[in-house]
Amino acid sequence: MYHYIRKNIESARKLYQTFGSRLAPDQDIASRLERLKKSTQNTQEKFSSTGISAECRKCGEKGQDCCRAGTENNCDDILLLINLLLGGALCHKPIAPTACGFLDRQGCTLIVRHVICLNYLCQTIQQKIDHKRLIAVQQAIGRELDLQFVLSEKIKEKIKELSITVQRVKTSL
Ligand code: SF4
Ligand code: SF4
């Protein structure tokens, strides 16, 4: 069940060790990381103030629904690398065999989450939250996902560029 995510975590850690020190000072990537961080904080604040976090935590503690074991397998190494670049610890310790390993008693431990984790708001939530506030949450999620998508592409491009440079240096030796 956790084999796939553990491989992705290992890959993200390797990418971080190899490229982290060259990705973080890149001005474009640094400013996009900062914007994404602020955006995730804004989304979290909205999840909290509307009561979504509390609802989701109840499900998570039972290892049910969205935060069940295996959902984390959607997180690829670039998403996990972004978490590391933002100072996340990638702590994958399942609190129950039925639970996603990124879930702890306070909720999700990832800073940046997969689109599946962000986008889905179940019927219970849709019925409990006032329509206007729900729209504000969805807008915050949309902004976060846009930033996340562009940043992921930029990081992939930069890693490719750095890998080509390293390869060229090796072949010229
Ligand atoms: S979105 Fe709904 S079903 Fe999913 S974890 Fe939150 S409360 Fe539970
Ligand atoms: S990564 Fe976070 S939000 Fe997504 S399933 Fe796991 S604990 Fe839930």
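Leaving aside its neighbours within four places in sequence, which residues is L81 in contact with? In this predicted model, the partners of L81 outside that window are A12, L15, Y16 and I155.

**The overall picture**

Let's step back to the whole chain for a moment. The protein chain has seven helices and two strands, and from start to end they run α-α-α-α-β-β-α-α-α. Its C-alpha atoms fit a box of roughly 65 × 35 × 20 Å along the principal axes. Of the 173 residues in the protein chain, 24% are buried. Take the contacts with a separation of 6 or more, and 81% of them join residues 24 or more positions apart.

How far does the predictor trust all this? Mean pLDDT for the protein chain is 91, with 95% of residues at 70 or more. Confidence bottoms out in α3, at a mean of 79, and peaks in α4, at 98.

**α4 and the core**

So back to L81 and its helix. L81 is one of the buried residues of α4, along with L79, L80, I82, N83, L84 and L85. That makes seven of the nine residues of α4 buried, so the helix is largely enclosed by the rest of the structure.

The largest nonpolar core counts 30 residues, and A12, L80, L81, I82, L84, L85 and L103 have the most contacts inside it. At least two residues of this core come from each of α1 (3–23), α2 (27–50), α3, α4 (77–85) and α7 (131–172). The biggest contribution is from α4, with six residues.

Just past the end of α4, G87 has a positive phi of about 90°. A little further on sits L90, in the loop between α4 and β1 (103–104). Its phi is also positive, near 50°, and L90 is not a glycine. That is worth a second look, because most residues other than glycine have a negative phi. L90 counts as buried because 21 other C-beta atoms lie within 10 Å, and 20 would be enough.

**α2, and two buried polar side chains**

Helix α2 has 24 residues, which should span 34 Å at 1.5 Å a residue; its end C-alpha atoms are 35 Å apart, so the two figures agree. Its buried residues are L33, L36, T40, T43 and F47. Right after α2 comes G51, with a positive phi of about 90°.

T40 belongs to α2, and Q148 belongs to α7. Why does T40 count as buried? T40 has 22 C-beta neighbours inside 10 Å, and the threshold is 20, so T40 qualifies. Q148 is buried too, because 22 other C-beta atoms lie within 10 Å of its own.

Leaving aside neighbours within four places in sequence, T40 is in contact with I111, V112 and E144. On the same terms, Q148 is in contact with L36 and V112. V112 therefore turns up in both lists, as a contact of T40 and of Q148, each pair having C-beta atoms within 7 Å.

Here are two C-alpha to C-alpha separations that involve these residues:

| Pair | Apart in sequence | Apart in space |
|---|---|---|
| T40 and A12 | 28 residues | 20 Å |
| Q148 and T18 | 130 residues | 21 Å |

**The two ligand shells**

Which residues are around ligand 1? They are E55, C56, C59, D65, C66, C67, Y120, L121, C122, T124 and I125. Two elements, α3 (52–61) and α6 (123–128), give two or more residues to this shell. The top contributor is α3, with three residues. Recall that α3 is also where confidence is lowest in the protein chain, at a mean of 79. By type, the shell around ligand 1 splits into eight nonpolar residues, one polar and two charged.

Around ligand 2 you'll find C66, C67, T71, E72, C100, F102, L103, C108, L110, R113 and C117. This shell also divides into eight nonpolar, one polar and two charged residues. C66 and C67 are listed for ligand 1 and appear again around ligand 2. L103, from the shell of ligand 2, is also among the residues with the most contacts inside the largest nonpolar core.

How values were computed:
Residues numbered from 1 in each chain as written. Chains lettered and ligands numbered in written order. Predicted model: local features only at pLDDT ≥ 70, side-chain atom pairs only at ≥ 80, totals over all residues. Near = placed C-beta within 6 Å. Helix = DSSP H or I, 4+ residues; strand = E, 2+ residues; numbered from the N terminus. Nonpolar A, V, L, I, M, F, W, Y, C, P; charged D, E, K, R; others polar. Core = buried A, V, L, I, M, F, W, Y, C linked by C-beta atoms within 7 Å. Buried ≥ 20, exposed ≤ 12 C-beta atoms within 10 Å, placed from the backbone. Contact = placed C-beta atoms within 7 Å. pLDDT = per-residue confidence, 0-100. Expected span 1.5 Å × (residues − 1).
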